[in-house]
Structures are given as structure tokens and as C-alpha cells.
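Please look over the sequence and the structure shown here before reading on. The notes that follow are grouped by topic and are meant for someone meeting this structure for the first time.

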Amino acid sequence: MLYLYQRFSEATLRISSGLILNRMQKIKYNKARKNILFISVSTKVGGGGSILYDIIRNMKASCKQYNYFMAAPNDGVFFKKTSDLNVKVCDIDMLSINIRSFFQVYRCVVNNDIHLIHTNGKGAGIYGRLIGLILRVPV
């Protein structure tokens, strides 16, 4: 059973990474290095936190032409693990959907000149899509 789960996770990881890279190749920018922001509602063990960590780790190892950023709450082990990968991490409380968290994510996107937003979770999806719409950043 564990073997099937590992195979599914690896396939999902390759598909997710491929979709993100495919989207980045379609974007034309003058900057040599493009910035990708990953937004997540949690960094706890399991689920979205672990998948997000795997995506960032594998993309960072294979795609050196991008800068990686993460906006997530500091509520689990993957927050520290991701920051240990030399990924700039914005600590944003996303336990509930509110205007304060929205503007924290907005500032993270503007201050880091983000070119692509990847969301993971309901609240992150709402923030990412609204900010992408306002700033014309692909999500």
C-alpha cells in the first residue's frame, strides 16, 4: 500500500512541477530570473504542506533560473524545512480568511516582484486569485 502511495505522490509531484514550469515558459519577462510564490494555508505534517515542500525542493534542484518564495503560516515543520532550502518565506496567519492576511500576501507579491502564483488550499486560492486579478499575475 505504501508503494502505491509513493508512486502516486511522485507522479503527482512530476505533473505539478511540469505544469508550473510550462506556465512559466509561456510568460515573457525581461528579468533573467523569474519569481514564483507558493501560497499555502498550512505547513503541518501531511497533506498540502508536505506536497508543497516536495514541489519546491524538486523545482529548486532542477530549475535554477527561478527564485522561489513561500507565503504560509509558521504552524508546522515544513515552514522551517522550506526556509532551510534558502527560500524566502513570508509568515502569514491564514487560519481564517480576513483582510489583514490578504494585504500581507499582497505585500509579499508586490515586494518580491512575483511573476507566478501557485496556491494550495481554499484560503490561499482566494487570496492568490484576487491578487492575481488585481496585479495581473498568472495563478
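Ile134 has its place in helix H5, which covers residues 122–135, and in this predicted model that residue is exposed, with a relative accessible area of 51%. Together with Ile97, Ile126 and Leu130, Ile134 forms a nonpolar patch on the surface, and the four residues have about 350 Å² of accessible area between them.

**Helix H5 and its surroundings**

- Helix H5 is built from 14 residues and reaches 20 Å from its first C-alpha to its last, which is close to the 20 Å expected at 1.5 Å a residue.
- While Ile134 is exposed, H5 also has buried residues, namely Gly123, Ala124, Gly125, Tyr127, Gly128, Ile131 and Gly132.
- These buried residues of H5 pack against three other elements, which are strand S1 (34–40), helix H4 (99–111) and strand S4 (116–120).
- After H5 comes Arg136, a residue whose phi is positive, with a value near 60°.

**The protein as a whole**

- The secondary structure comes to five helices and four strands, and from the N terminus on these elements run in the order α-β-α-β-α-β-α-β-α.
- The protein has 139 residues, of which 42% count as buried.
- About 8100 Å² of the protein is exposed, and carbon and sulfur atoms supply 56% of that area.
- When contacts between residues at least 6 apart in sequence are considered, 64% of them join residues at least 24 apart.

**Strands S1 and S2**

- Strand S1, one of the elements against which the buried residues of H5 pack, is mostly covered, since seven of its seven residues are buried.
- From S1, the residues Lys34, Ile36, Phe38 and Ser40 point one way, whereas Asn35, Leu37 and Ile39 point the other way, and the residues of both groups are buried.
- S1 pairs with S2 in the parallel sense, over six bridges, and within this pairing Ile39 stands opposite Ala71 in S2.

**Ala71 in strand S2**

- Is Ala71 buried or exposed? With a relative accessibility of 0%, Ala71 counts as buried, because that value is under the 20% limit used for buried residues.
- Ala71 belongs to strand S2, which covers residues 66–72, and, leaving out residues up to four places away in sequence, Ala71 touches Leu37, Phe38, Ile39, Ser40, Cys90, Ile92, Met94 and Cys108.
- Although Ala71 and Ile92 are 21 residues apart along the chain, their C-alpha atoms are separated by 6.3 Å.

**Asn112 in a loop**

- Asn112 is found in the loop between H4 and S4, and at 10% relative accessibility this loop residue counts as buried.
- Setting aside its neighbours within four places in sequence, Asn112 is in contact with Asn35, Phe69, Lys88 and Cys90.

**Salt bridges**

- How many salt bridges does the structure hold? The structure holds two of them.
- One salt bridge joins Arg57 to Asp54, with the closest N and O atoms 3.2 Å apart, and both residues lie in helix H2 (residues 47–62), where they are three residues apart, about one turn of the helix.
- Arg57 is partly exposed, with a relative accessible area of 35%, and Asp54 is likewise partly exposed, with a relative accessible area of 26%.
- In the other salt bridge the side chains of Asp84 and Lys80 meet, at 3.1 Å from N to O, and both residues lie in helix H3 (residues 77–84), where they are four residues apart, about one turn of the helix.
- Asp84 counts as partly exposed at 49% relative accessibility, whereas Lys80 is exposed, with a relative accessible area of 52%, because exposed residues are those over 50%.

Terms used: Residues are numbered from 1 along each chain as its sequence is written. This is a predicted model: local features need pLDDT of at least 70, side-chain atom pairs count only at pLDDT 80 or more; totals for chains, interfaces and linings use all residues. Side-chain values use heavy atoms; hydrogens and water are left out. Patches are made of residues with over 30% relative accessible area and no salt bridge: like charges are joined within 9 Å, nonpolar side chains (Val, Leu, Ile, Met, Phe, Trp, Tyr) within 5 Å. Accessible areas come from the Shrake-Rupley method with a 1.4 Å probe; for residues, only the protein chains shown count as cover. Helices (H or I, at least four residues) and strands (E, at least two) are DSSP runs, numbered from the N terminus. Buried means under 20% relative accessible area, exposed over 50%, partly exposed in between (1.4 Å probe, protein chains only). The expected span of a helix is 1.5 Å times one less than its number of residues. Contact means heavy atoms within 4.5 Å. Two strands pair if DSSP finds at least two bridges between them.
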